[in-house]
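Work through the exercises below with the sequence and the 3D structure open beside you. Try each task before reading its solution.

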Amino acid sequence: YKQKNLGDQTMYIIYFFFFKQKTAYEMLRSLVGSEMCIRDRYQLRALDWDHNAPINQFPTIVVYKPTEAGSNTYANIGYAGLISMLTGFSPKLGISEKVWRSEHLKFDDRKGEPWAYVLKKVMQFGNDLNSAIDILTKSKRTCKIFVGVGSRSDNQFRGATYDYENLNAYDDKNCTMCEYGESHPQIDGVVFWDKGWQPSNNKCVGGILSSRSNGQIDAEVLYREVTGRHKTGDSQIAVFDFQRQIAYISYSEYGTGVPAYLRRLFKVDMNYFFNINP
């Protein structure tokens, strides 16, 4: 990693160096865009971008230590040159987003804060679920996305529908937009949206999570079974273990067509980086 001082904050940049490797299926023979789910303080983020896009050449984790009043240390899990946020983790919160694809989507001009900067603001100033949702609610929202926020202190997760008019946060029991049914069952302690249009009417993720709902969902299940069987996480996968402050991260292999969900994860002990004194 490399340290950079920028006046009002210090950054620690973690670089990834990938070597030619077999796919995860070949290496882990026991293996059998869900964007968000949590159980026992775990959160999964699976990013389904074009894994051959040039930006995938430069995966990085940037840990920020701002000195502005009220700020928190946080990690931006993304790509070199991307100063806004797609995926974030801190000692207090985890955050991710998912495209809100709808057959009724309208493309209008909106003036406000780009959502990727709003997510970054949540990570810098949010301390728990209430403060995170408050920041999302009070922001000048623009386009429609789903947002997932996990909280270490609350030991809970919220999935939110985010658009220029409304911000609605849902827990594991009141997701009116999920249309609970066979393809998207209600599962105590679990909030999720799978990849694609919502509702997707795809039984894969709901089936995996409901079969593992009795205290059996952990980082390994989220990565191996949810992303692997659902084939989600083309360009990036991140699994957050809030209790241990560990992030399991995988990126696609640029230029080969191997998506992140077929690659091994890096285990990053974020305690070390969060607790470094500048």
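The exercises that follow concern a predicted model.

**Exercise 1. The whole chain**

Task: State how many helices and strands the chain has, and what share of its residues count as buried.

Solution. Step 1: the secondary structure comes to six helices and 13 strands. Step 2: the chain has 278 residues, and 53% of them count as buried. Step 3: turn to the surface, where about 13000 Å² is exposed and carbon and sulfur atoms supply 47% of that area.

**Exercise 2. Cysteines**

Task: Find how many disulfides the structure has, and classify C143 and C204 by their relative accessibility.

Solution. Step 1: recall that a disulfide is a covalent bond between the sulfur atoms of two cysteines. Step 2: a search of the whole structure finds zero disulfides. Step 3: apply the cut-offs, by which a residue is buried under 20% relative accessible area and exposed over 50%, with partly exposed in between. Step 4: C143 has a relative accessible area of 35%, so C143 is partly exposed. Step 5: C204 is at 21%, so C204 also counts as partly exposed.

**Exercise 3. Strands β8, β9 and β10**

Task: Describe how β9 pairs with β8 and with β10, and decide whether β9 is mostly covered or mostly uncovered.

Solution. Step 1: strand β8 covers residues 145-151 and is joined to β9 by seven bridges, with the two strands running antiparallel. Within this pair, A160 of β9 stands opposite V147. Step 2: look at the connection, a hairpin with four residues between β8 and β9. One residue of the turn, N155, has a positive phi of about 55 degrees. Step 3: β9 also pairs with β10 (residues 167-170), over four bridges and again in the antiparallel sense. Here G159 has Y170 of β10 as its bridge partner, and a hairpin of four residues joins the two strands. Step 4: count the buried residues of β9 (residues 156-162); six of its seven are buried, and the strand is mostly covered.

**Exercise 4. A four-stranded sheet**

Task: Give the strand order of the open sheet that contains β11, and name its edge strands.

Solution. Step 1: the order is β3-β11-β12-β13, and the pairing is antiparallel. Step 2: β3 (42-47) and β13 (266-269) each pair on one side only, which makes them the edge strands. Step 3: neighbouring strands of this sheet are turned by 15 degrees against each other on average, direction ignored. Step 4: take one pair in detail; four bridges join β12 (residues 246-251) to β13, and I249 has F266 in β13 as its bridge partner. Step 5: add the helix α5 (residues 219-230), which lies across β3, β11 and β12 and runs at about 30 degrees to β3.

**Exercise 5. D241**

Task: Place D241 in the structure, decide whether it is buried or exposed, and list its contacts.

Solution. Step 1: D241 belongs to strand β11, which covers residues 236-241. Step 2: its relative accessible area is 2%, so D241 is buried. Step 3: a polar atom of the D241 side chain lies 3.2 Å from the backbone nitrogen of Q243. Step 4: leaving out residues up to four places away in sequence, D241 touches R41, Y42, F89, I246 and Y248.

**Exercise 6. Helix α2**

Task: Explain why helix α2 (residues 115-125) is called largely enclosed.

Solution. Step 1: eight of the eleven residues of α2 are buried, so the helix is largely enclosed by the rest of the structure. Step 2: the buried residues are W115, A116, V118, L119, K120, V122, M123 and Q124.

How values were computed: Residues numbered from 1 in each chain as written. Predicted model: local features only at pLDDT ≥ 70, side-chain atom pairs only at ≥ 80, totals over all residues. Heavy atoms only, no water. Buried < 20%, exposed > 50% of the residue type's maximum accessible area, 1.4 Å probe, protein only. Areas by Shrake-Rupley, 256 points an atom, 1.4 Å probe, with all protein chains shown as cover. Polar contact = N/O pair within 3.5 Å; in protein donor to acceptor, adjacent residues only side chain to side chain. Contact = heavy atoms within 4.5 Å. Disulfide = S-S within 2.5 Å. Pairing = 2+ DSSP bridges. Axes fitted to C-alpha atoms, helices over the stretch in contact; angles between N-to-C directions.
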